[in-house]
Amino acid sequence: MPDISLTVVALLCLAALAAGWIDAVVGGGGLLLLPALLLGLPASTPAAYALGTNKAIAICGTGGAAVTYARKAPVEVGTAVRIGLAALAGSSAGAFFAAGMSTDVLKPVIMVVLLAVAAFVILRPAFGTAPAIGPATRRRKLAAIGLAGLGIGFYDGLVGPGTGTFLVLALTAVLRLDLVTASATAKIVNCCTNAGALAMFAWQGTVLWRFAALLALFNLAGGTLGARTALKQGSGFVRIVLLTVVLALVANLAYQQWLA
């Protein structure tokens, strides 16, 4: 266990709880949990340990949310797993190319894209609120594997922030899902990508396992609660959280680009 005060541990537990809830509803929990770990762990702790520990925590919340959704939402698990495996391959490729380029070049572009997404969601109140129209066609499934799997997976390995939110948006648009079903599908995809990343961090020995186990309990509770909230409140509620997270992501990227 890292040498930190009980007060900081308590705050990190609350951050893990809130991050699990946000991630289950619409993705983006890492925007809260990873910075909290970077601030809460001792200054001498290498950043790789925060990244590895974050994945060990997040996979529990994502898994709990995925199970909760799968029980009550009309999720095509087979399609979600195929997209997840494609995302795992895409994120590996993105991580490979990340070593040779500056992501600072991409951040302004991503901010513009996110602002366009926010404007689209605001101007199209019906986006993602209609019930899912049934099984997607083979062409749409292949498009989802390419865009949500390989494409967003590549972004996850290259840059990272907001991957879960991008997945929800892509799955809603391509597979014509409602936002609740898209969130449910995204959680299964995230389980695949998190498992791949966690395996790499574990192999490198950069996971604080006992500390992660404590925070994972809170993240699991938050993820399960978030999935239940989304199922109960419906797509209209998820839409509000989606807009909030998108704007928070823009603010976070702007801070990193111009103020940090």
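These are my notebook entries on the fold, the cores and one surface patch of a predicted model.

**Entry 1, ground rules.** I number residues from 1 along each chain as its sequence is written, and side-chain values use heavy atoms, with hydrogens and water left out. Since the model is predicted, local features need pLDDT of at least 70 and side-chain atom pairs count only at pLDDT 80 or more, while totals for chains, interfaces and linings use all residues.

**Entry 2, the whole chain.** I looked up the secondary structure and found 10 helices and 0 strands in the protein chain, where helices (H or I, at least four residues) and strands (E, at least two) are DSSP runs numbered from the N terminus. The radius of gyration, taken over C-alpha atoms, is 17 Å, close to the 18 Å that the globule rule gives for 260 residues, so the protein chain is as compact as a globular protein of that length; the rule is 2.2 Å times the number of residues to the power 0.38. Along the principal axes, the C-alpha atoms fill a box of roughly 50 × 40 × 35 Å.

**Entry 3, the inside.** I noted that 48% of the 260 residues count as buried, meaning under 20% relative accessible area, with exposed being over 50% and partly exposed in between (1.4 Å probe, protein chains only). Which residues touch the most other members of the largest nonpolar core? They are V26, Y69, L114 and L171, in a core of 50 residues, and helix α10 (residues 235-259) gives the most to this core, with 9 residues. A nonpolar core is a set of buried Ala, Val, Leu, Ile, Met, Phe, Trp, Tyr and Cys residues joined through side-chain atoms within 4.5 Å. A second, separate core of 20 residues includes I4, L12, L37 and A50.

I then followed Y69, which, leaving aside its neighbours within four places in sequence, is in contact (heavy atoms within 4.5 Å) with residues including A24, V75, V180, K187 and L231.

**Entry 4, the surface.** L11, L14, L17, L217 and F218 make a nonpolar surface patch of about 470 Å², and the elements giving two or more residues to this patch are α1 (6-26) and α9 (209-233). Such patches join nonpolar side chains (Val, Leu, Ile, Met, Phe, Trp, Tyr) within 5 Å, from residues with over 30% relative accessible area and no salt bridge, that is, no side-chain nitrogen of Lys or Arg within 4 Å of a carboxyl oxygen of Asp or Glu. Helix α1 gives the most, with 3 residues. L11 is found in α1 and is exposed, with a relative accessible area of 54%.

Methods:
Patch = residues over 30% accessible without salt bridge, like charges linked within 9 Å, V, L, I, M, F, W, Y side chains within 5 Å. Areas by Shrake-Rupley, 256 points an atom, 1.4 Å probe, with all protein chains shown as cover.
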